[in-house]
Amino acid sequence: MSIYESSKCTSCMACYNACTKNCIEMNYNNSNNLEPCINENLCVHCNLCLHLCPENNPVQKNRSLEAYACWSLNDLERKSSSSGGIASIFYSHFITNKLGSTYGCSYDENLQLKFSKANTVEDLIKFKTSKYTQAYIGNTFKEVLQDLKEDKFVIFVGTPCQVAGLKKFLRKDFEKLLTIDLICHGIVSQKYLDDYIEGLHLPQKPDKLTFRGEYNYYFNLYKNYKIIFSEKSEDNLFFKAFLDGLFYRENCYTCPYASINRVR
Ligand SMILES: Cc1cc2nc3c(=O)[nH]c(=O)nc-3n(C[C@H](O)[C@H](O)[C@H](O)COP(=O)(O)OP(=O)(O)OC[C@H]3O[C@@H](n4cnc5c(N)ncnc54)[C@H](O)[C@@H]3O)c2cc1C
């Protein structure tokens, strides 16, 4: 049984989080993109996954009433972020005022991009900067629901398809949930990054990756805080392919969220 039409799946993992029988696994398909696969031996055919899939049942999109252009006035905050540092400002407001939980994504030491929660201002640093691969949601939506049930405020920043997945999974609006959907022109599978880095045959295994220098796009790999590989975006194969849109997920090329009306 398929949950979706494969070319439309965003890998938002709403189905994975919703399945009460834990019978959905995320596996790489022939195009090296993560997709949900149902274990037929465990499935009880409740069809919740079909129903909650934002590609089967689109979420409502809203037109913003007002728009503001802004950036952080804190030089350090702005320079250490990718596009003005507003994400950091929202997060910091949540933490310093003890409002609730903050969710975003970061690379771990194996350069796997995953969503997680930050509990302190220091911990928020991990969410900074744009990462140009798809972040793994894991059980994040279930954690968000738990926080909301405990009457906490929650902020979730992600791509529009991830926000759509969260909204579908939650099934109703929560006053204490703030979602921010990034402007996104497409996302690349983690697998392509893994394969690219492996193909570089570096003498050391990198433990950190950034896509920016202070002013320009750079593909930088680090080991123990030292740069071990650095190329300008125009010289770097991975970066060039990303910026030229050569290897996004199939669904990104017909993204229903790249519009003036947003999922909020
Ligand atoms: C895949 C991708 C495509 C983008 N495409 C465009 C574009 O076409 N036009 C444009 O103007 N801007 C684009 N951006 C930039 C994005 O809109 C900015 O990151 C945003 O404006 C926030 O900037 P900031 O300085 O406030 O925070 P930043 O420090 O830039 O970003 C931090 C926030 O972004 C989240 N984030 C970072 N990478 C990812 C990811 N891979 N998946 C989910 N969440 C992530 C972090 O969790 C955190 O919440 C893109 C970013 C990404 C990640």
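Contact here means that heavy atoms lie within 4.5 Å of each other. Keep that in your pocket for the exercises below, which all work on a predicted model.

**Exercise 1. Work out the strand order of the open sheet, and find which strands stand at its edges.**

Step 1. Start with the order: 4 strands line up as S5-S4-S6-S7, and the pairing is mixed.

Step 2. Now look at the ends. Strand S5 (113-118) and strand S7 (177-181) each have a single partner strand, so one side of each is left without a neighbour in the sheet.

Step 3. Add the twist, which averages 20 degrees from one strand to the next.

Step 4. Zoom in on one pair. Strand S4 (residues 100-107) and strand S6 (residues 153-158) run in the parallel sense, joined over 4 bridges. For a concrete example, take Ser 101: its bridge partner in S6 is Val 154.

Step 5. Finally, put a helix on the sheet. Helix H4 (residues 86-96) lies across S4, S5, S6 and S7, and its direction makes about 135 degrees with S4.

**Exercise 2. Describe how the protein surrounds the ligand, starting from the residues that come nearest.**

Step 1. There are 28 residues around the ligand, and those that come nearest are Ser 83, Tyr 91, Thr 129, Lys 131 and His 185.

Step 2. Ask which elements supply the shell. H4, S4 and S6 each give at least two residues, and the largest share, 3 residues, comes from H4.

Step 3. Check the oxygen atoms of the ligand for polar partners. On the backbone side, an N or O atom of Gly 84 sits 3.2 Å from a ligand oxygen, and a polar backbone atom of Gly 85 is 2.8 Å from a ligand oxygen. On the side-chain side, an N or O atom of Tyr 91 lies 2.7 Å from an oxygen of the ligand.

Step 4. See how much is covered: the ligand taken alone exposes 890 Å², and the protein buries 84% of that.

**Exercise 3. Decide whether Met 13, Thr 129 and Thr 133 are buried or partly exposed.**

Step 1. You need the cut-offs: buried is under 20% relative accessible area, exposed is over 50%, and partly exposed is in between.

Step 2. Met 13 is found in the segment before helix H1 (14-18). Its relative accessibility is 2%, so Met 13 counts as buried. Its phi is worth a look too: the value is positive, near 70 degrees, in a residue other than glycine.

Step 3. Thr 129 belongs to the loop between S5 and helix H5 (140-149). With 32% relative accessibility, Thr 129 counts as partly exposed. Its phi is also positive, near 80 degrees.

Step 4. Thr 133 is found in the loop between S5 and H5. A relative accessible area of 2% makes Thr 133 buried. Leaving aside neighbours within four places in sequence, Thr 133 has contacts that include Tyr 107, Leu 113, Ile 187, Leu 193 and Phe 238.

**Exercise 4. Find how many residues of helix H6 are buried, and say what follows the helix.**

Step 1. Run along residues 160-170: 11 of the 11 residues in H6 are buried, which leaves the helix mostly covered.

Step 2. Note who is on that list. Among them are Lys 167 and Lys 168, along with Val 163, Leu 166 and Phe 169.

Step 3. Step past the end of H6 and you meet Arg 171, whose phi is positive, near 70 degrees.

How values were computed: Residues are numbered from 1 along each chain as its sequence is written. Side-chain values use heavy atoms; hydrogens and water are left out. Buried means under 20% relative accessible area, exposed over 50%, partly exposed in between (1.4 Å probe, protein chains only). Two strands pair if DSSP finds at least two bridges between them. Axes are lines fitted to C-alpha atoms, for helices over the stretch in contact, and angles run from 0 to 180 degrees between N-to-C directions. A residue is near a molecule or strand if one of its heavy atoms lies within 4 Å of it. A polar contact is a pair of N or O atoms within 3.5 Å; within protein, one must be able to donate a hydrogen and the other to accept it, and residues adjacent in sequence count only if both atoms are side-chain atoms. Accessible areas come from the Shrake-Rupley method with a 1.4 Å probe; for residues, only the protein chains shown count as cover.
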